[in-house]
Amino acid sequence: MESTHLLGSSKKRVKIHPHTVTAKYATHTPYSPQPGVHTHFPQPGDEGYDDAPSFEDFGSFLEETSDRKQLTEGKRWPLTLFGSKDRDATVKPQAAGGGDGSEAGARAAKGSGRGVGEQLASFGEASVSASRLTWVGLVGAALAHGCLIVLTRLASEHFSLGPLFLLLVRSIVQLLSVAVPLHRGENPFGPEGYRLRLLCYGIAYSLSLCCAYSSLTFVSPGNGMTTWRLSTTALSATLAFLLLEERLGLADGITIAAGLCGLGLVLLPTEDESNSGAPTSPVAFWRGAFGWSLSALAGLWMALALVGYRSLKERVGVGTALFTVSWTGCLLAPASLVLLQEGWSWPVSAPAWGVVLGLVACSVAAFLGMTHALTRLHPALVSASQSLEVPVAMLLHLAVLPLAPTAPEVVGNVMVILSVGWLVAMKLLPSRGGGRRQREEYEEILDSPIK
């Protein structure tokens with residue numbers, strides 16, 4: 001904002017910033033008003049006060065003029081895989097048309113006839129509602145992941161269906177998601193200029209699934225999935241900082257660390273495993289080591305996939321991402337079957353097909369919840385919220401096979417539940433306070449004595 005008025009023979013130009021106020025003096029005589037520069041701002045009680053800029057304009061003004069964003073963009077690494085190469089091309093046309101947009105926004109604000117307080121309240125309610133829907137989707141995705149673990153174990157133990165075969169079946173069924181981009185008139189293989197990055201995302205996601213499902217042949221499903229989730233959360237936080245320069249807050253980092261400690265307690269060996277006096281054969285040892293390594297490798301690929309889609313969130317829709325994961329899974333799952341020499345076994349009964357269809361439905365629901373959340377949240381927060389799948393799977397497994405869990409498992413699962421619950425509460429409850437602080441800054445600028 002700029003305002004000018006006459007002070008003797010000099011003209012005073014004042015630039016109002018959300019945090020600082022600077023004044024520059026210039027000796028231009030005689031004084032001539034500049035086009036597009038306001039000489040007076042309405043005050044509370046004056047005519048036209050309700051036509052002040054909306055909260056959305058002020059929020060974007062804060063974001064665009066913040067020193068933190070300017071410093072971050074000035075030091076951003078010239079990445080080719082995760083960077084947006086047409087960033088400048090998309091920003092410049094908006095800057096060129098900024099005058100028309102501002103005039104249109106002013107006319108819309110005048111036509112709305114709503115006060116500043118009402119606009120702030122409506123914007124805050126919309127933001128809180130969107131955040132609630134995002135976190136509800138994440139919790140639903142975690143529940144679906146927990147059901148997915150139990151159904152995979154049920155299909156393997158009772159119907160002799162291999163994990164990689166189940167992955168292949170779900171990938172084939174999910175090919176029907178191609179109807180979503182086609183219905184919207186989009187290219188199912190992604191927009192031009194982003195197809196290579198989308199292909200890398202699909203390969204990373206499918207490789208993660210192949211490694212995770214292959215590890216179930218060598219380690220127990222509970223240990224394999226817990227290791228997968230622990231490594232995904234830790235590596236996604238690291239890769240998001242290195243590749244996207246997205247940092248976690250101190251409270252988020254502490255909460256995620258507590259959840260990771262809970263997952264570590266779940267992975268502690270039981271007394272029967274630690275006190276067994278029978279010597280372990282080298283073959284069994286290396287099979288277990290290979291299974292644990294596959295689980296950790298699956299976490300690395302999944303972290304790369306989450307960060308990759310985070311960089312494509314504005315260009316690639318959820319339906320296109322699901323189709324990409326499906327057709328790359330159709331190529332990599334058979335290759336993994338041949339490499340590990342896992343046999344083929346088709347479902348031969350109605351309950352078996354019901355388990356397979358339920359597995360497909362849970363996988364689709366979990367993917368949609370996670371991928372939609374990536375458009376709004378940090379990848380590590382998305383992965384940490386999915387840690388809730390571990391206690392959900394334990395409870396469902398206890399309902400099927402009533403086996404008493406060990407003390408470390410109980411404590412670890414309680415820590416995971418508390419960390420995810422605190423994370424959700426911390427993200428939703430302070431939202432109104434944040435809106436109140438922005439409104440106070442906005443009113444402070446409007447009430448400024450510099451006119």
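The following exercises, each with a worked solution, concern a predicted model of a protein.

**Exercise 1. The protein as a whole**

Describe the secondary structure, the burial and the contacts of the protein.

Solution.
Step 1. Begin with the secondary structure: the protein has 18 helices and three strands.
Step 2. Turn to burial. The protein has 451 residues, and 39% of them count as buried.
Step 3. Consider the surface. The accessible surface comes to about 24,200 Å², and carbon and sulfur atoms account for 63% of this area.
Step 4. Consider the contacts between residues at least 6 apart in sequence. Of these, 84% join residues at least 24 apart.

**Exercise 2. The nonpolar cores**

Determine how many residues form the largest nonpolar core, and examine the contacts of Phe 367.

Solution.
Step 1. The largest nonpolar core contains 66 residues.
Step 2. The residues with the most contacts inside this core are Leu 167, Tyr 201, Tyr 205, Trp 228, Phe 367 and Val 382.
Step 3. Take Phe 367 from that list and set aside its neighbours within four places in sequence. Phe 367 is then in contact with Tyr 201, Tyr 205, Val 318, Ala 321, Leu 322 and Val 325.
Step 4. Another core, of five residues, lies apart from the largest one; among its members are Leu 239, Leu 244, Ala 303 and Val 307.
Step 5. A general tendency may be recalled here: in soluble globular proteins, nonpolar side chains tend to be buried together.

**Exercise 3. A nonpolar patch on the surface**

Identify the residues that make the nonpolar surface patch of about 250 Å², and decide whether Leu 196 is buried or exposed.

Solution.
Step 1. The patch is made by Leu 196, Leu 199 and Ile 203.
Step 2. Locate Leu 196: this residue is in helix α8, which covers residues 195-215.
Step 3. The relative accessibility of Leu 196 is 62%. Exposed means over 50%, and therefore Leu 196 counts as exposed.

**Exercise 4. Two buried residues**

Compare the settings of Thr 255 and Val 219, giving the place, burial and contacts of each.

Solution.
Step 1. Thr 255 lies in helix α10, residues 250-266, whereas Val 219 lies in the loop between α8 and α9.
Step 2. Buried means under 20% relative accessible area. Thr 255 has 8% relative accessibility and so counts as buried; Val 219 has 11% and so counts as buried too.
Step 3. Examine the side chain of Thr 255. One of its polar atoms lies 2.8 Å from the backbone oxygen of Ala 251.
Step 4. Leave out residues up to four places away in sequence. Thr 255 then touches Ser 419, Trp 422, Leu 423 and Met 426, while Val 219 touches Gly 224, Gly 288, Gly 291, Trp 292 and Ser 295.
Step 5. Val 219 and Ser 295 are 76 residues apart along the chain, yet 9.2 Å separates their C-alpha atoms.

**Exercise 5. Positive phi angles**

State what phi is near in Ser 160 and in Glu 245, then classify each residue by exposure.

Solution.
Step 1. Phi of Ser 160 is near 55°, and phi of Glu 245 is near 55°. Each is a positive value in a residue other than glycine.
Step 2. Ser 160 is placed in the loop between α5 (116-158) and α6 (163-173), and Glu 245 in the loop between α9 and α10.
Step 3. Ser 160 counts as exposed because its relative accessibility is 52%. Glu 245 is partly exposed because its relative accessible area is 23%.

Notes:
Residues numbered from 1 in each chain as written. Predicted model: local features only at pLDDT ≥ 70, side-chain atom pairs only at ≥ 80, totals over all residues. Heavy atoms only, no water. Patch = residues over 30% accessible without salt bridge, like charges linked within 9 Å, V, L, I, M, F, W, Y side chains within 5 Å. Areas by Shrake-Rupley, 256 points an atom, 1.4 Å probe, with all protein chains shown as cover. Salt bridge = Lys/Arg side-chain N within 4 Å of Asp/Glu carboxyl O. Helix = DSSP H or I, 4+ residues; strand = E, 2+ residues; numbered from the N terminus. Buried < 20%, exposed > 50% of the residue type's maximum accessible area, 1.4 Å probe, protein only. Polar contact = N/O pair within 3.5 Å; in protein donor to acceptor, adjacent residues only side chain to side chain. Contact = heavy atoms within 4.5 Å. Core = buried A, V, L, I, M, F, W, Y, C linked by side-chain atoms within 4.5 Å.
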